[in-house]
Amino acid sequence: MSALDPRVELAQRLGLSSVPPVRFESPEEVKKLLAENDYLSDEAIASVIYLADRLAKPVLVEGPAGTGKTALAKAVADSIGARLIRLQCYEGLDESKALYEWNYRKQLLRIQAGRPEGAGTEEWHDLEEDIFAEEFMLTRPLLEAISASDPVVLLIDEVDRVELETEALMLEILSEYQVSIPELGTIRAKQIPMVFLTSNNTRELSEALKRRCLYLYVGYPTVERERDIILSRVPGISSALAEQIAQVVRSLRTIDLKKAPSVSETLDWARTLVVLGRSEIGDEDAAATLHILLKYQSDIERATKELLGRSRPVA
Amino acid sequence: MLNLLGDFIGELRAAGIPVSMSEHVDAARAVEVINLGDRELLRATLGATLVKDGDHLPVFNTAFDVYFSIRSWESAEALLGDELDTDQREREGAAGAEGHGPSRGEGAGSTSMSAQELAELLFRALRDGDPDAMRQGASEAVSRYAGMEPGRPVGGTYYLYRTLRNLELESLEQRLLAGTMGANPDELGQRLARDEVTARIEHLKSEIEREIRERLVEDRGSEALAKSVRKPLPEDLDVMHANREEMAQLERALRPLSRKLAVRLARKRRRRRRGPVDLRHTVRRSLSTGGVPLDLRFKPPRPAKPEIFVIADVSGSVASFARFTLHLVHAISSQFSKVRSFVFVDGLDEVTRLFEGVEDPADAVARINAEADVIAFDGHSDYGRALVTFHDRYARDLTKRSTVLILGDARNNYHQAHAEVLADLHYRAKAVYWLNPEPTSYWNSGDSIVAQYAPYCDRVIECRTLRQLEAFVGELA
């Protein structure tokens, strides 16, 4: 059994002196720890986090925008007391922004400063060694996560935004927890970090990336879970109001809208209603505050018509 | 366990979910480290390691329920085995016995309750949203109404239909609504109450479906049943033969599909070729490296975009296919310099204006049926006449940059083909493609005259599923 244990195997490969202890004992513990950090998980989420730790594999989290993918990584980092290192992906992100970059300016300075009269080949050799040392390197999030000695959680956010080529950069880290730098050699992780990747599914990720990750789909929560989320995140809200809010949002999500309300928008709406001092939602309140949940005029009109049975929203 | 897992993965692959060798290994490792007594944990574990696409989850869940059904759970546990300690097993066993004890003996189940009692039980379960009672009610209902015959090779849809018909869910729904409506005078409250009732009834339906499936597994074994309940992934559904539910699935799948395609094409176009060096930008960048232009900057490329003419048959048999294609082409219209759409049955009408200024192509597609004037005579497809009309009115707009897409099954109802018109269109345009939603083996049978048009098309393509359609449209741009 122990020979097969993926953590042991990885620790040996990385050359760690001891196998890092497991962070969570069971999925239930994950659930409990996350709940302490105001993140209400469900069975599937807790199980996948547990597995990710147990198998030392990255997690690819997918789902509609605003369902708490990023928040999940933050909550996990908080619950294990680790530092969160975040790489926000965008189109055009490249090696020098994601992994590492040589600090040209500092290297130039070093070359100019250290040029004594009549420098020979020997000194040039030293210099060359010198300017390709870690001192002249700017570490970017991926490398930082690998080389950190304190506990870290690496979050690669919206990985679907980068090009296919950049995605390939991450493969070495995701499967081997190491980075190869031509001038320096291979840098291995000093511990096994937890890695999360999030995607809004705007494009198909490569098979290679998917294969290396555990997959977690975070959809819209059930009414019960959404109610509990509202209760835990919005102070001073009554459970009746939370229930009603969760029901309204569920109904909205069944309508064919351009952009269905996300959990974070639900929370905004709940906070607004609390500030307004409402204890239940009437037709008028709903019509007046629907724009917090929905971001398109056509959606607001359609929702008003469907839910409140009138064609124009009240001004 | 490894055998069972292997069979299960075989089923996933058969259903179209790609599972690689290393994912298989991951799953096998993952089940080593979890508590196998927890069925939902096993589901999450296998889901996380084997399925890497949210759209595949429904298919995965169906297969999981068949292979690891609650009923066969105890026997599965025996297979899974030794890691399970005994008290765990006892607890599971107890929970199992409690959960579906009443449904155990079918004879006992059906006689213990009268129809009224069952209706009452379901009513109370639905009103209170009590999951245990619902499960029990579902099991009773199946024993009573489904009339399941052992050994019949069916997927259970028929049993589901029979059970639901006998339960008279509509009247239950009415009763529930009557109970809740009074309390909520305003519109919103009523709507919420309605949705709540609908959700609970849906839950009951899924319980009944699950119950039927469990019994079928017991009767026929996982492997046989998996084959009968296997559903294709949305992108592999045959567009021409989709039923209403599958149609809804297709509609849902189309929007993300077209969005992804648009993103992919935009990227491809941007990357395909670099433009000339942007000197100004390069010099500016070089300042930080002491005037040495280390980092070259390029002007964005300006590749020519093709012009698309879509001519679609919208008569009954192929209408849905035409709608999907129009939707997809217009969803990525930013990738083309111009898209013009024409629809026909035996008359032809331009519908480009319906797509103008519309944010969502689906809206425009929905309006085609009502607003396009496509019937000139008897309302049977006439490809020859449609092509002649197109040639008369629009042929002069075709240039060497235009691509013509013809969508239809080429079933001409024995009218004249007028293939010479297509020959002229082919001569004027850059390319002519014919997308046929029928399987290749049906071409040229009956009144299908693909062969007469084929010589004047650059390609005739079988296009039956969203996957094929997406692949083709992607190539086009």
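The following questions and answers examine chains A and B of a predicted model.

Q: What is the strand order of the open sheet of five strands in chain A?
A: General knowledge helps first: strands of a sheet pair through backbone hydrogen bonds, either parallel or antiparallel. In this open sheet of chain A the pairing is parallel. The twist averages 20 degrees from one strand to the next. The order of the five strands is S2-S5-S8-S1-S9.

Q: Which strands of chain A stand at the edges of this sheet?
A: The order of the sheet is S2-S5-S8-S1-S9. A strand at the edge has a single partner strand, so one side of it is left without a neighbour in the sheet. The edge strands of chain A are S2 (83-88) and S9 (214-217).

Q: Which strands are joined to S8(A) by four bridges each?
A: In the sheet order S2-S5-S8-S1-S9, S8 of chain A stands between S5 and S1. Four bridges join S8(A) to strand S1 (residues 59-62), and the two run parallel. Four bridges also join S8(A) to strand S5 (residues 152-157), again in parallel. The strands asked for are S1 and S5 of chain A.

Q: Which residue of S8(A) is the bridge partner of A:Val59, and which is that of A:Val153?
A: A:Val59 pairs with A:Phe196 in S8(A). A:Ile156 stands opposite A:Leu197 in S8(A). For A:Val153, the bridge partner in S8(A) is A:Met194. The two residues asked for are therefore, in order, A:Phe196 and A:Met194.

Q: How many residues of strand S8 (residues 194-199) of chain A are buried?
A: In a regular strand the side chains alternate between the two faces of the sheet. In S8(A), A:Met194, A:Phe196 and A:Thr198 point one way, while A:Val195, A:Leu197 and A:Ser199 point the other way, and all are buried. The strand is largely enclosed by the rest of the structure, because the number of its six residues that are buried is six.

Q: At what angle to S9(A) does helix H3 (residues 43-55) of chain A run?
A: Helix H3 of chain A lies across S1, S8 and S9 of chain A. Its direction relative to S9(A) is at about 160 degrees.

Q: Which residue in the loop between helix H2 (27-36) and H3 of chain A has a positive phi?
A: Most residues other than glycine have a negative phi. The residue in question has a phi near 60 degrees, a positive value, and is not a glycine. It counts as exposed, because 12 other C-beta atoms lie within 10 Å of its own. This residue in the loop between H2 and H3 is A:Asp38.

Q: How far apart are the centres of domain 1 and domain 3 of chain A?
A: Chain A is divided into domain 1 (6-94 + 140-217), domain 2 (102-131) and domain 3 (223-307). Eight residues of domain 1 are in contact with nine residues of domain 3. Taken over C-alpha atoms, the centres of domain 1 and domain 3 are separated by 32 Å.

Q: What share of the residues of chain B count as buried?
A: Chain B has 22 helices and six strands. Among its contacts with a separation of 6 or more, 73% are between residues 24 or more positions apart. Of the 477 residues of chain B, the share that count as buried is 35%.

Q: Within what arc do the buried residues of helix H1 (residues 2-14) of chain B fall?
A: The buried residues of H1(B) are B:Phe8, B:Ile9, B:Glu11 and B:Leu12. They line one face of the helix, because, seen down its axis, they fall within an arc of 155 degrees. On the other side of H1(B), B:Leu2, B:Asn3, B:Gly6 and B:Ala14 are exposed. The arc of the buried residues is 155 degrees.

Q: How far apart are the end C-alpha atoms of H1(B)?
A: At 1.5 Å a residue, the 13 residues of this helix should span 18 Å. The model agrees with this, because the end C-alpha atoms of H1(B) are apart by 18 Å.

Q: Is B:Asn444 buried or partly exposed?
A: B:Asn444 is in the loop between strand S5 (431-436) and helix H21 (450-453) of chain B. Although it is not a glycine, it has a positive phi of about 65 degrees. Because B:Asn444 has 14 C-beta neighbours inside 10 Å, it counts as partly exposed.

How values were computed: Residues are numbered from 1 along each chain as its sequence is written. Chains are lettered from A and ligands numbered from 1 in the order in which they are written. This is a predicted model: local features need pLDDT of at least 70, side-chain atom pairs count only at pLDDT 80 or more; totals for chains, interfaces and linings use all residues. A residue is buried if 20 or more other C-beta atoms lie within 10 Å of its own, exposed if 12 or fewer, and partly exposed in between; C-beta atoms are placed from the backbone. The expected span of a helix is 1.5 Å times one less than its number of residues. The arc is that of the directions from the helix axis to the C-beta atoms. Axes are lines fitted to C-alpha atoms, for helices over the stretch in contact, and angles run from 0 to 180 degrees between N-to-C directions. Two residues are in contact if their C-beta atoms, placed from the backbone, lie within 7 Å. Domain bounds come from an automatic or database domain assignment.
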